Each structure stands twice: as structure tokens, then as C-alpha cells.
Amino acid sequence: MQAFINSAADLCTQVGGKIVLAVLVFIIGRIIINKLVSVLNNSKIFEKADGEVKTFTMSFVKIGLTVILVISIINILGVPMASVVTVLASAGVAVGLALQGALSNLAGGIMLLFFRPFKVGDFIEASGAVGVVKELTLFYTVVTTVDNKSITVPNGSLMNANIINYSAEPLRRVDLTFGCGKGEDPEKVQNIMVDVMKKNPKVLSNPDAPFARLSGGSNEAMEFTVRAWVNGADYWTVYFDL
């Protein structure tokens with residue numbers, strides 16, 4: 001009986017020591033990982049890199065270091081790596097099926113980074129989200145709407161969606177439609193509209209001059225189409241001014 005108690009005590013001491021060491025390694029490892037990521041994030045390596053490259057790389061590095069930390073803890077606990085590999089291989093198919101969405105998002109993130117249909121800071125519309133791209137990570141893209149809400153969009157959905165990038169070109173055209181009483185002189189109305197656009201300092205004369213033409217109507221009113229080219233940053237200002 002005494003021998004059994006001694007054996008149990010020795011076993012508890014060994015196991016307890018491994019558990020305590022594993023917990024310490026986990027805590028210290030997390031601190032080191034966060035510190036390394038912070039240092040890398042503020043280093044000169046990414047000074048000239050685009051925002052999406054930076055956030056994607058940071059996400060990849062953090063996940064990679066965390067995987068290394070977990071493997072180290074498994075070794076400390078004395079679990080044979082051969083057994084771990086065998087278990088992972090056996091569960092690989094099931095895990096792959098369960099993580100189809102995550103793997104799709106990962107592949108989508110890599111493709112977005114490679115083809116670069118947008119970058120951090122661009123104003124886009126895709127997968128039901130409209131706003132400024134704030135962050136591109138391994139699995140998700142964060143978009144901030146004009147009313148300051150954050151939308152997290154899976155990269156897989158973005159890669160398979162039509163993406164409208166309003167910031168891709170330096171110039172944009174403001175298209176508006178106005179109604180006018182049918183008794184008015186169409187030429188006079190057009191001249192007034194063109195004159196208003198020309199007096200707006202943000203309206204450009206290139207690539208085309210301000211445009212206003214009678215484009216339709218009904219029995220009660222005439223309909224005029226107005227077009228004006230502006231710098232992308234001035235689009236909404238000119239839109240509401242006109």
C-alpha cells in the first residue's frame with residue numbers, strides 16, 4: 001500500500017511539474033509573441049508596404065508563432081509527437097471538411113493579396129458591404145461604413161463577389177437627374193445647369209466639360225441629365241452641392 005502511495009505521489013509530482021511548466025511556457029510564450037508582433041509591426045520593414053500586406057503578414061506571423069508554441073507545450077507535457085501526428089492525420093479529412101469555410105477564406109485572402117482588387121483605405125462595395133477597407137487579415141476583411149460601423153466580410157465571399165472599387169481611379173463622374181416644368185425653355189435650363197457647374201471650383205473641365213441635356217420627361221415635366229467630372233475625393237461634396 002505504501003509503495004502504491006509513493007508511486008502515485010511521484011507520478012503526481014512529475015505530472016504536476018509538467019503542467020506548471022507548460023502553463024508558464026504558454027504565458028511567457030504569449031507575451032513574447034505579442035511583443036515580437038508589436039516590434040515587427042512598428043519596424044522599418046513595412047514602411048513602404050501597403051496596409052493590406054502589413055496586416056496580412058502580421059496575422060500570418062502571429063498564427064505561425066502560436067502553432068509553434070502549442071507544439072512546444074505538447075512536447076513539455078510528454079505527449080509523443082508520433083502519436084500527435086497520427087491523430088492529426090486520422091482526423092485530417094474530418095477537420096478539412098469542417099473547415100471548408102475557413103480554408104476558403106484563407107485561399108480568398110491569399111488571392112486578394114496577390115491580385116489586389118483593392119487596398120487598405122479604398123472605398124469599395126462588395127458582398128453587401130459598402131465602406132472604406134480598414135484591414136485585410138488571413139480570413140476576413142474589415143470594412144468601415146460611412147456611418148462608422150465595422151463590417152467583417154469573409155475573404156472567400158469577397159473573392160467570389162463583384163467588387164466595385166470607387167477609389168481605383170483618380171477621377172469620378174457625378175451623374176444627376178433633375179426635373180423641370182414642361183413650360184420652361186429647355187435651352188435656358190441647360191445653360192443654367194452648365195453655368196452652375198462651371199462656377200463650382202471642384203468641377204473639372206477634363207476629361208470632359210460639364211454636361212447638361214434634356215433626356216426625357218412626362219406630360220407634366222421635362223427630365224434633364226447632368227454630368228460633371230471631379231477628383232475622387234470631391235465626389236460627394238460636388239454631388240450634394242449640385
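**Close-up 1. The hairpin of β3 and β4, with Asn148 between the strands.** In this predicted model, five residues separate β3 from β4 in their hairpin. Among the residues of this hairpin, Asn148 takes a positive phi near 65°. The two strands run antiparallel and are joined by five bridges. Strand β4 spans residues 150-154, and strand β3 covers residues 140-144. Thr141 of β3 has Val153 as its bridge partner in β4.

**Close-up 2. A salt bridge between Lys149 and Asp147.** The side chains of these two residues meet with an N to O distance of 3.5 Å. Lys149 has a relative accessible area of 49% and is therefore partly exposed. Asp147 is also partly exposed, with a value of 48%. A search of the whole structure finds five salt bridges. Side chains of opposite charge can pair when their charged atoms come close.

**Close-up 3. Strand β3 and its pairing with β2.** Four of the five residues of β3 are buried, so the strand is mostly covered. Strand β2, residues 129-136, pairs with β3 in the antiparallel sense. Four bridges hold this pairing. Leu136 stands opposite Thr141 in β3. The β2 and β3 strands also form a hairpin, with three residues between them. Thr141 thus appears in two pairings: opposite Leu136 on one strand, and with Val153 as bridge partner in β4.

**Close-up 4. The open sheet of five strands.** The strand order is β4-β3-β2-β1-β5. The pairing is antiparallel. Strands β4 and β5 stand at the edges. Each has a single partner strand, so one side of each is left without a neighbour in the sheet. Strand β5 consists of residues 164-165. Strands of a sheet pair through backbone hydrogen bonds, either parallel or antiparallel.

**Close-up 5. Gln190 in helix α6 and its surroundings.** Helix α6 runs over residues 186-199. Gln190 has a relative accessible area of 15%, so this residue counts as buried. A polar atom of the Gln190 side chain lies 3.0 Å from the backbone nitrogen of Leu214. Leaving aside residues up to four places away in sequence, Gln190 touches Ala212, Arg213, Leu214 and Phe224. Leu214 therefore appears twice around Gln190: in the list of contacts, and through its backbone nitrogen.

**Close-up 6. A salt bridge within helix α6, Asp195 to Lys199.** The closest N and O atoms of the pair are 3.3 Å apart. Both residues lie in α6. They are four residues apart, about one turn of the helix. Asp195 is partly exposed at 37% relative accessibility. Lys199 reaches 65% and counts as exposed.

**Close-up 7. A salt bridge between two loops, Asp234 to Lys202.** The side chains meet at 3.9 Å, N to O. The pair links distant parts of the chain, 32 residues apart. Asp234 sits in the loop between β8 (221-231) and α7 (235-241). Lys202 sits in the loop between α6 and β7 (211-217). Asp234 counts as buried, at 17% relative accessibility. Lys202 is partly exposed, at 33%.

**Close-up 8. A nonpolar surface patch, with Ile32 among its residues.** The patch has about 990 Å² of accessible area together. Its residues include Ile19, Val20, Val23, Leu24, Phe26, Ile27 and Ile28. Ile31, Ile32, Leu36 and Leu77 also belong to the patch. Ile32 lies in helix α1, residues 2-41. At 45% relative accessibility, Ile32 counts as partly exposed.

**Close-up 9. Gly29 in helix α1.** Gly29 is buried, with a relative accessible area of 12%. Its C-alpha atom is separated by 8.3 Å from that of Thr66. Along the chain, Gly29 and Thr66 are 37 residues apart. Helix α1 thus holds both buried Gly29 and partly exposed Ile32.

Definitions and conventions:
Residues numbered from 1 in each chain as written. Predicted model: local features only at pLDDT ≥ 70, side-chain atom pairs only at ≥ 80, totals over all residues. Heavy atoms only, no water. Patch = residues over 30% accessible without salt bridge, like charges linked within 9 Å, V, L, I, M, F, W, Y side chains within 5 Å. Areas by Shrake-Rupley, 256 points an atom, 1.4 Å probe, with all protein chains shown as cover. Salt bridge = Lys/Arg side-chain N within 4 Å of Asp/Glu carboxyl O. Buried < 20%, exposed > 50% of the residue type's maximum accessible area, 1.4 Å probe, protein only. Pairing = 2+ DSSP bridges. Polar contact = N/O pair within 3.5 Å; in protein donor to acceptor, adjacent residues only side chain to side chain. Contact = heavy atoms within 4.5 Å.
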